[in-house]
Amino acid sequence: MKVSYKKLWVMLAEREMSKQEFRERLQIASGTMTKLNKGQEVSMSVILRICEYFDCNIGDVCDAVKAE
């Protein structure tokens with residue numbers, strides 16, 4: 001299984017928020033942002049911070065998908 005953050009990127013687009021603005025507002029480290037962009041696992045605390053900011057659930061931000 002791997003993580004997909006496609007829902008997060010769609011949410012940013014719907015809110016007309018750039019990835020840079022997102023990173024700055026949530027104070028996400030550049031290394032963590034790189035992991036998000038590459039679809040790699042990030043800490044649960046980061047996911048929860050994103051959920052709190054957008055007032056949503058984890059499933060609204062990411063999905064677990066089968067690796068090909």
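## A nonpolar patch at the surface

I58 is partly exposed, with a relative accessible area of 35%, and this residue offers a starting point for a reader who is new to this predicted model. In the chain, I58 sits in the loop that runs between helix α4, which covers residues 44–54, and strand β2, which covers residues 63–65.

Together with M44 and L48, I58 makes a nonpolar surface patch of about 270 Å². A residue can belong to such a patch only with over 30% relative accessible area, and I58, at 35%, is therefore open enough to take part.

## The surroundings of S4

S4 belongs to strand β1, which spans residues 2–4. Its relative accessible area is 19%, and since buried means under 20%, S4 counts as buried.

Two kinds of neighbour can be described for this residue. The side chain of S4 reaches the backbone nitrogen of K6, at a distance of 3.4 Å. When the neighbours within four places in sequence are left aside, S4 is in contact with V61, C62, D63 and V65. One of these contacts, D63, returns below as a partner in a salt bridge.

## Aromatic rings around F54

A pair of aromatic rings is described by the distance of the centres and the angle of the planes. A search of the whole structure finds two aromatic pairs. In one of them, F22 and F54 are stacked, with 6.2 Å from centre to centre and 10° between the planes. This pair links distant parts of the chain, as F22 lies in helix α2 (residues 19–26) and F54 in helix α4, 32 residues apart. Both partners are covered: F22 counts as buried at 0% relative accessibility, and F54 is buried as well, with a relative accessible area of 5%. The other pair joins Y53 and F54 in an edge-to-face arrangement, with 5.0 Å from centre to centre and 85° between the planes. Unlike the buried F54, Y53 is partly exposed, with a relative accessible area of 36%.

Taken together, the ring pairs link F22, Y53 and F54 into a cluster. What else is F54 in contact with, leaving aside its neighbours within four places in sequence? Besides F22, the contacts of F54 are L8, M11, L12, R15 and M17. As a further marker of position, F54 and K19 are 35 residues apart in sequence, and their C-alpha atoms are 14 Å apart in space.

## Two salt bridges

Side chains of opposite charge can pair when their charged atoms come close. How many salt bridges does the structure hold? The structure holds two. In one of them, the side chains of D63 and K7 meet at 3.2 Å, N to O. D63 lies in strand β2 and K7 in helix α1, so this pair ties together parts that are 56 residues apart in sequence. D63 is partly exposed, with a relative accessible area of 30%, and K7 is also partly exposed, with a relative accessible area of 36%.

The other salt bridge is formed by the side chains of E21 and R25, which meet at 2.6 Å, N to O. E21 and R25 are four residues apart in helix α2, which means that about one helical turn separates them. At 25% relative accessibility, E21 counts as partly exposed, and R25 is likewise partly exposed, with a relative accessible area of 47%.

## Positive phi values in two loops

Most residues other than glycine have a negative phi, and most peptide bonds are trans. Against that background, E16 stands out with a phi near 50°, a positive value in a residue other than glycine. E16 lies in the loop between helix α1, which covers residues 6–14, and helix α2, and the residue is exposed, with a relative accessible area of 72%.

D55 also has a positive phi, near 55°, and is likewise a residue other than glycine. D55 is found in the loop between α4 and β2, the loop in which I58 is also placed. With a relative accessible area of 71%, D55 is exposed, whereas I58 is partly exposed.

Note on methods:
Residues numbered from 1 in each chain as written. Predicted model: local features only at pLDDT ≥ 70, side-chain atom pairs only at ≥ 80, totals over all residues. Heavy atoms only, no water. Patch = residues over 30% accessible without salt bridge, like charges linked within 9 Å, V, L, I, M, F, W, Y side chains within 5 Å. Areas by Shrake-Rupley, 256 points an atom, 1.4 Å probe, with all protein chains shown as cover. Salt bridge = Lys/Arg side-chain N within 4 Å of Asp/Glu carboxyl O. Buried < 20%, exposed > 50% of the residue type's maximum accessible area, 1.4 Å probe, protein only. Polar contact = N/O pair within 3.5 Å; in protein donor to acceptor, adjacent residues only side chain to side chain. Contact = heavy atoms within 4.5 Å. Phe/Tyr/Trp six-rings, centres within 6.5 Å; stacked < 30°, edge-to-face > 60°.
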